[in-house]
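Subject: Structure for your review

Dear colleague,

Please find below the structure that I agreed to pass on to you. My notes on what was found in it follow directly after.

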Amino acid sequence: MKRNSKIFTDEITRVVDKICSSSFTQTFERIVREQPNYFSHEQHTLVVYYPNEVTWHQGEQRQDFIERIRRTHLKWFNRWLNDFSHRQPPYIVWTIVMDELITHIINLFFRIDLGDHITSDHTRQQFHQIANTIQNILVSIKDDNANKIDQAAIPLVQTCLLIFFYFTWDHELVMYLKSLQLIQLINDIIRIADNDEEIYLQAYRILAAIMTEKDIQQIKNASTIVMIFINFIKDALDGGIPYEARLHNSLRSLKGTLFTFSGRGN
């Protein structure tokens with residue numbers, strides 16, 4: 001048993017080594033630049049399979065692995081996110097490959113909800129910088145889409161809001177998000193979201209964390225908001241095990257401050 005455990009630990013360590021290599025960032029940036037319709041075998045292994053292995057690893061060294069990955073890549077990712085957004089509009093239409101690529105890298109870097117807590121001041125400062133970058137991205141998109149969001153910009157907005165939502169699992173990061181005075185900005189994003197329910201879900205999750213109960217009671221369309229959460233919870237239940245985290249996160253948001261939506265005025 002000990003021998004098998006060592007083999008498994010050695011394999012995960014090798015995977016983390018690959019993720020922390022320059023090949024990982026170079027492959028990521030090449031895929032974003034070329035927007036292919038499918039991954040090559042080598043690309044899929046490096047930027048999908050390996051991150052997935054780490055995301056679902058439950059060994060004792062998990063926190064050390066996550067900290068190493070964050071320390072290696074967060075500064076690069078923040079720079080990439082900033083550069084990527086500044087090249088738009090016109091907004092890049094995301095392929096399925098791009099969507100999968102971003103999903104796995106977000107899972108790898110930001111899943112505080114899965115227990116990947118921040119374990120160093122260095123990482124915390126990088127999270128602060130990423131929060132600043134995301135704020136600037138959302139301001140830019142809001143300014144460029146005064147009435148209705150460009151459909152091609154929706155995946156970028158969804159990604160930014162999802163990262164913010166993961167930040168709400170850390171008390172200090174919640175305080176930092178509050179210091180950025182995001183409430184009006186997120187309400188503006190909701191206003192131009194063109195009925196995109198994923199944007200609505202993440203936006204209201206974030207507001208539930210950074211607003212007071214009194215603030216939340218002033219939000220309009222309370223019944224619509226509750227229905228969005230109920231629909232996502234139903235979809236998560238129907239989706240089975242792969243959707244357990246989304247189900248838990250939706251219930252967490254709904255059962256807390258957001259219950260004031262359905263009870264307002266009673």
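For the notes on the cavity, one convention is needed: Ala, Val, Leu, Ile, Met, Phe, Trp, Tyr, Cys and Pro count as nonpolar, Asp, Glu, Lys and Arg as charged, and the others, Gly among them, as polar. Please also bear in mind that this is a predicted model.

The cavity

The structure holds 1 cavity of 30 Å³ or more, and the volume of the largest cavity is about 40 Å³. Its lining is formed by Ser85, Gln88, Tyr91, Ile137, Ser140, Ile141 and Leu156. By the convention above, this lining divides into 4 nonpolar residues, 3 polar residues and no charged ones. Helix 6 (residues 121-144) supplies the largest share of the lining, namely 3 residues.

Helix 8

Helix 8 spans residues 171-179, and its buried residues are Leu173, Val174, Tyr176 and Leu177. Viewed down the axis of helix 8, these buried residues fall within an arc of 160 degrees, so they line one face of the helix. A general point may help here: an α-helix has 3.6 residues a turn, so residues three or four places apart point the same way. The cover over the buried residues of helix 8 includes helix 6, helix 7 (154-167) and helix 10 (197-210).

Both ends of this helix deserve a remark. At the N-terminal end, Asp170 acts as a cap of helix 8, with a side-chain oxygen 3.1 Å from the backbone nitrogen of Glu172. After helix 8 comes Gln181, which has a positive phi, near 55 degrees.

Helix 9

In helix 9 (residues 183-191), the buried residues are Leu185, Ile186, Asp188, Ile189 and Ile190. What covers them includes helix 6, helix 7 and helix 10.

Phe77

Phe77 is located in helix 4 (residues 62-86). Is Phe77 buried or exposed? The relative accessibility of Phe77 is 1%, and a residue is called buried when this value is under 20%; Phe77 therefore counts as buried. Leaving aside neighbours within four places in sequence, Phe77 is in contact with Ile105, Phe109, Phe110, Ile130 and Ile163. Thr25 lies 52 residues from Phe77 along the chain, and the C-alpha atoms of the two are separated by 8.7 Å.

Yours sincerely,

A colleague

Technical notes: Residues are numbered from 1 along each chain as its sequence is written. This is a predicted model: local features need pLDDT of at least 70, side-chain atom pairs count only at pLDDT 80 or more; totals for chains, interfaces and linings use all residues. Side-chain values use heavy atoms; hydrogens and water are left out. On a 1 Å grid over the protein atoms alone, a cavity is a set of points where a 1.4 Å probe fits but cannot get out, and a pocket is an open set with protein on both sides within 12 Å along at least five of seven lines; lining residues have an atom within 4 Å of a point. Grid points are joined across faces, edges and corners, and a volume is the space filled by probe spheres set on the points. Helices (H or I, at least four residues) and strands (E, at least two) are DSSP runs, numbered from the N terminus. Buried means under 20% relative accessible area, exposed over 50%, partly exposed in between (1.4 Å probe, protein chains only). The arc is that of the directions from the helix axis to the C-beta atoms. Contact means heavy atoms within 4.5 Å. A polar contact is a pair of N or O atoms within 3.5 Å; within protein, one must be able to donate a hydrogen and the other to accept it, and residues adjacent in sequence count only if both atoms are side-chain atoms.
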